[in-house]
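Colleague: I would like to go through some local features with you. Please keep the answers short.

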Amino acid sequence: MMRPMRSMRRMLTGLLVSALACRAVQDAIVPVEPLASPAGPGAAEPNLTVAADGQVYLSWLEPAPDSSVALRFARYDGAAWTAARTIRSGRDIFVNWADFPSLAVHPGGALAAHWLQRQGAGTGYSYDVRIARSSDGGATWSEPFMPHGDQGRSEKGFVTMWPDGDGFGVAWLDGRNADKARSQPRQEMMVYATTFGATGAPATEQQLDARTCDCCQTSVALTADGPVVAYRDRTDAEIRDIFVTRRVDGRWTAPAPVHADGWTINACPVNGPSLAADGHHVAIAWYTGAHDTARVYVAFSDDAGATFGTPTIVDDGKPAGRVAAVLLDDGSALVSWLERMGGDSAAVRVRRMAPGMPRGPATTVAASTVARASGFPRMRRADAHVYFAWTEPGTPSAVHVARAPVGAFK
């Protein structure tokens, strides 16, 4: 996995005004509305989730007064953010630019939050996943627990959570076979999953894939047939394409490729997929460098992720990846990604895509950078708006939030 986020020279990111969008012929003019961010100075690693009632939750990490790190969140009800609340703070929180904490919101109102926590002083890159629950809107949180039974000196992270029954589901990358203190035939990461109730302990964990890429994010979407988990696989020949597995009738299916990109790379590209679903309709976006050509693709499924159609190119020719996807009511998808603009500069762009639909213009949401400190821009849909969150690197860094009406994307 990658080293923790480091500061870099402050650069202008923020929202681009319409005049800037006009300069790029490929850009559409979309009324992107900046929202006052509830995150404090030094904040980074934002994440977004949307509750069943359409309220938007933003989580992030920021420095705490005692030189520790605090995991915080706030809720947006369509008009204003609630006061920011701290879920957990401590010097043992492991900060990684690509492996960020998350929140999940149950339709019944319960919350679940995850973060990474070092196993102790001097343990380096040995850390575990910690999860806490709240039944009172985040005013108080349970004692944290680990979803994984293994507590060896290894790395576990890149978590994705979802509402599941009366509780939550969780999937993660698991490095128990990469524990150098144990005798293992080879060092590798795996994908595991389990469920946990609103108040109970996690159920027995299940291995979903025995060999995966080391540090690409996982993603999940809830279909009419159950959850679909996507991740970057890793074969013995070092082919690292995107795979999915589905839970159908209580059992996880055998992992299957979304598309045979054939990207052979003996390293982790730190670029995971993004899923979105509505009923049996699923969209997945991902980054690949197959055949020495960087691309962002999107593909669609009408059978709850069992099969996917031919992928379509989303990017404008020089993508850095870091994708997100949301579905629209007409079955099209919005896909966001980082597009390289020269040197370290980049733009957070969004394009509407649909099977058989000609590529329309992209929308530039914000200026950014390909440096690690810029993290992964996030995007979620809540009713009639699409919400964005991203990190502005600097000293101190800052988390920005914006939204745009769904109907503005053509």
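Colleague: Which residue does the side chain of Asp164 meet in a salt bridge?

Modeller: Bear in mind that this is a predicted model. Asp164 lies in strand 9, residues 156-164, and its partner is in strand 15, so the pair ties together parts that are 83 residues apart in sequence. The N to O distance in this salt bridge is 2.8 Å, and the partner of Asp164 is Arg247.

Colleague: Is Asp164 buried or exposed?

Modeller: A residue counts as buried when its relative accessible area is under 20%. For Asp164 that area is 15%, so Asp164 is buried.

Colleague: Which residues does the network of salt bridges that includes Glu238 join?

Modeller: Start with one pair: the side chains of Arg240 and Glu238 meet in a salt bridge at 2.9 Å, N to O. Both Arg240 and Glu238 are buried. Salt bridges with shared partners make one network, and its residues are Asp214, Arg234, Glu238 and Arg240.

Colleague: What is the phi of Glu238?

Modeller: Glu238 sits in the loop between strand 14 (226-232) and strand 15 (242-248). Glu238 is not a glycine, yet its phi is positive, at about 65°.

Colleague: Where is Val270, which also has a positive phi?

Modeller: Val270 is not a glycine either, and its phi is about 50°. At 5% relative accessibility, Val270 is buried. Its place is the loop between strand 17 (256-257) and strand 18 (274-278).

Colleague: Which residue does a cis peptide bond join to Thr395?

Modeller: The partner is found in the loop between strand 27 (385-392) and strand 28 (398-405). Omega is about 5° for this cis bond, and the residue joined to Thr395 is Pro396.

Terms used: Residues numbered from 1 in each chain as written. Predicted model: local features only at pLDDT ≥ 70, side-chain atom pairs only at ≥ 80, totals over all residues. Heavy atoms only, no water. Helix = DSSP H or I, 4+ residues; strand = E, 2+ residues; numbered from the N terminus. Buried < 20%, exposed > 50% of the residue type's maximum accessible area, 1.4 Å probe, protein only. Salt bridge = Lys/Arg side-chain N within 4 Å of Asp/Glu carboxyl O.
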